[in-house]
Structures are given as C-alpha cells and as structure tokens.
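Open the model in your viewer and keep the selection panel at hand. We will go from one stop to the next, with something to select at each.

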Amino acid sequence: MKAVVCHKYGSPDVLEVEEVQTPSPGDDEVLIRVHAASANALDWRLLRADPFFIRLAGLGFWSPKHKILGADVAGTVEAVGNNVRRFVPGDEVFGDVMPTGMGGFAEYVCTREDRLTTKPDTLTFEEAAAVPVAAVTAVQGLRDHGRIQAGHKVLITGAGGGVGTFAVQIAKALGAEVTGVCSTGKLELVRSLGADRVIDYTREDPIEDGTRYDLIFDVAAYRSILDYRQALGPDGIYVMVGGATIRFFQFLLLKPWMALTKQMKLVAFVAESTSAELDTLKAMLESGAIKPVIGRRHTLAEVPDALRYVEQGHTTGKVVVAM
C-alpha cells in the first residue's frame, strides 16, 4: 500500500510517499481501507517533536516511533479480528486512530473497534474524516471541562478553524450565547454557523468591551492567558485548546498560582475519542445540529502541503486528504 512516511523529525519536507506493507488486524482490531483522512495540529507537532517533551513521552527520542501520521480517518472495513463484534467487512466507518499508533495517511490502517463508529449516510467520507479529533476536542472541552450550560456566555477564539467551527455549533446546540473571534475573511462563515456575535480580531480587541463570559474557549491561544482575566465572570472557566507552545508553558506556570489564589480557573486537556463519544457526535451530525466545514482538500501525495498549511495556524475549517 502507499503511505506518507516520516523516518526522522523535521519539517514536512522529510515526508515521503512510499510503498509499505499493508497491516493485518489483531484480534481486537479492524482493518480499514482509508477513503479520506484529515490533518491536525497534532500531526505537525509530532513531526517536529514540538514541544520537545514529545521525545520524552515514549514517542521516540531520536526519530518518530510512529512513521505514518494521521489520526482522523473514514473508510470501509476490509477485515476484522477474531474478537471484533461491532463491525463486519463492508461497513463504512470513521474514527480516531491515534490511540493505536496513528497511520491515517495511508491507503489502509488498523485500529481498535472502540475507536470507531459507523459513518452517517448523510456524510461523505471526506466530511466524516473531518470530525473525530476536532469535534471530540470541542465537545469535551465545552461540556466536560468548560461545564457549559444553557444561557452561558461563551467566547470562542479561533472560531473559524477546525476545532472552532465545531465549537461554535456545539455551544449553540447546548444553549449557550456564543461570541466567535476570527479574522476578517471568516466572519460570514462563523456567523452562518450560529454565532450570536462575531468579532474580527484584526479590527477589535474581543476582551475590552466589558463583557464577562462564563467560559472562554481559547482555540487560538496566542495571546497571554492573563489578558483574559478581565473578561471572565466570577465563576468563569478558561479552557486552553491549542496555540503557541509558549502558551502551554505559561499555563503550566500559572495554574498552581491561579488555583492557590483563585483568581482564574484554568483548564487544559487532551481529548480522547471513543466509540461512545463518536456516537454522540454522530447523532448531532444526523440531526443537523452540527456539520463539518472543509476549507481545503489534498491528495495523499500532497500531505506535506496540507501540514504546512495547518502549521500556519490560520485554517478555515478542516483540511482533508482524499485517497
């Protein structure tokens, strides 16, 4: 099979399309013929080992442990292991293969059945591949960590990107009053997704108008976390989702102090895609409560270009790779 392979850490220039052996499913695994995948910030961070502690986390110190990147996939089940009960060959599925070693940027991939669910008939493979990492991050960040409630005022930065477009829709579906922050070219998109208010950060500072939010969902995370103190209500929660590496280290330094002084409730998390979570999102997709936004499409050979674009941090919706 063809796959995009990385043998060493570095820029997307180190990636090569190669012929590799097609994997065989273990007893608890499903072999998927991949029709589409999507690119995430996770991919370029693993490729560059950025931040450096990736090398210390069992993912390979001198070279990547996982030679084929790509977490989000959608495709057709080709074969199943002896213990698999949820799926049979021919099923159309989508999910997140990261917990079983990545591998989505390839024609075939194996993963555990508990990381998949069946694809809604209303979605194309490309649309389904856009869902797992971004939508699970959005729903877990808002619901579980942000404790969103109907009527809450929610500020979402990076509202026009992969996670942000899902976050706007999910927050509205949960009854929140949503303010989306994005660049000029994404204003109409974010408004069309249901945002009650849209702020162009190139023309207006979203936290200087005196509004106090119950939840700040910081997908962009490029400005200082401390800047947001003035925009949080008394019981407000700041949830950091992505952004510059320096913000991650700032979070680590600030969290103990903020917890001690109770000035600001800070949360950062790693989303976990499970069949149950994907089933929740599937129901929302089938009802029309949320829909994937695809900004760019690439072929397998163009994965390096896709990752370069994602790394710039200004994507519109999701970037998908069609096999």
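## Stop 1: a loop near the start

Begin by selecting Ser 11: leaving out residues up to four places away in sequence, Ser 11 touches Leu 47 and Arg 48. Bear in mind as you look that this is a predicted model. Ser 11 sits in the loop between E1 and E2. Now add Arg 308 to the selection: Ser 11 and Arg 308 are 297 residues apart in sequence, yet 8.3 Å apart in space, C-alpha to C-alpha.

Select Gly 10 next, which also belongs to the loop between E1 and strand E2 (16-19). Is Gly 10 buried or exposed? Its relative accessibility is 18%, so Gly 10 counts as buried. Not counting residues up to four places away in sequence, Gly 10 touches Leu 47 and Arg 48. Try a distance label between Gly 10 and Ala 49: they are 39 residues apart in sequence, and their C-alpha atoms are 7.8 Å apart.

## Stop 2: helices H1 and H8

Leu 47 and Arg 48 bring us to H1, where they join Ala 41, Asp 43 and Trp 44 in meeting Leu 307, Val 310 and Glu 311 of H8. Show both helices and look at their axes, which come within 9 Å and cross at roughly 100 degrees. That makes H1 roughly perpendicular to H8. Colour the contact of H1 with H8 by class and you will find 5 nonpolar and 3 charged residues, with no polar ones.

Stay with helix H8 (residues 303-311) and select its buried residues: Val 303, Pro 304, Ala 306, Leu 307, Tyr 309 and Val 310. What do these buried residues pack against? Their partners are strand E1 (2-5), strand E3 (29-39), helix H1 (41-48), strand E14 (294-299) and strand E15 (318-322). Before you leave, click on Gly 313, which follows H8 and has a positive phi, near 80 degrees.

## Stop 3: the six-stranded sheet

Now turn to an open sheet of 6 strands with parallel pairing, in the order E10-E9-E8-E11-E12-E13. Its edges are strand E10 (197-200) and strand E13 (265-268), each of which pairs on one side only. On average, neighbouring strands of this sheet are turned by 20 degrees against each other, direction ignored.

Zoom in on strand E9 (residues 177-182) and E10, which run parallel and are joined by 4 bridges. In E10, Arg 197 is the bridge partner of Thr 179.

Two helices pack on this sheet. Select H3, which touches strand E8 (153-157), strand E11 (213-218), strand E12 (232-240) and E13, and whose direction makes about 150 degrees with that of E11. Then select H4, which touches E8, E9 and E11, with its direction at about 170 degrees to that of E8.

Thr 179 deserves a click of its own, and you will find it in strand E9. With a relative accessibility of 6%, Thr 179 counts as buried. Leaving aside neighbours within four places in sequence, Thr 179 is in contact with Val 154, Leu 155, Ile 156, Arg 197, Ile 199 and Tyr 213.

## Stop 4: H3 and its two helix partners

Show helix H3 (residues 132-145) together with helix H4 (residues 162-173): their axes come within 8 Å and cross at roughly 50 degrees. H3 and H4 are therefore oblique to each other. Turn the view to follow H3 as it passes H4 in a right-handed crossing.

Which residues meet here? On the H3 side, select Ala 134, Ala 135, Thr 137, Ala 138, Val 139 and Leu 142; on the H4 side, select Gly 162, Val 163, Phe 166, Ala 167, Ile 170 and Ala 171. The contact of H3 with H4 has 10 nonpolar and 2 polar residues, and no charged ones.

For the last selection, swap H4 for helix H7 (residues 275-287), which packs with H3 at an angle of about 95 degrees, with the axes 10 Å apart. H3 is thus roughly perpendicular to H7. H3 contributes Pro 132, Ala 135, Val 136, Val 139, Gln 140, Arg 143 and Asp 144 to the contact, while H7 brings Glu 277, Leu 278, Thr 280 and Leu 281. By class, the contact of H3 with H7 divides into 6 nonpolar, 2 polar and 3 charged residues.

Conventions
Residues are numbered from 1 along each chain as its sequence is written. This is a predicted model: local features need pLDDT of at least 70, side-chain atom pairs count only at pLDDT 80 or more; totals for chains, interfaces and linings use all residues. Side-chain values use heavy atoms; hydrogens and water are left out. Axes are lines fitted to C-alpha atoms, for helices over the stretch in contact, and angles run from 0 to 180 degrees between N-to-C directions. Angles under 35 degrees count as roughly parallel, over 145 as roughly antiparallel, 65 to 115 as roughly perpendicular and the rest as oblique. A crossing is left-handed if the near helix is turned anticlockwise from the far one by less than a right angle, and right-handed if clockwise. Contact means heavy atoms within 4.5 Å. Ala, Val, Leu, Ile, Met, Phe, Trp, Tyr, Cys and Pro count as nonpolar, Asp, Glu, Lys and Arg as charged, and the others, Gly among them, as polar. Two strands pair if DSSP finds at least two bridges between them. Buried means under 20% relative accessible area, exposed over 50%, partly exposed in between (1.4 Å probe, protein chains only).
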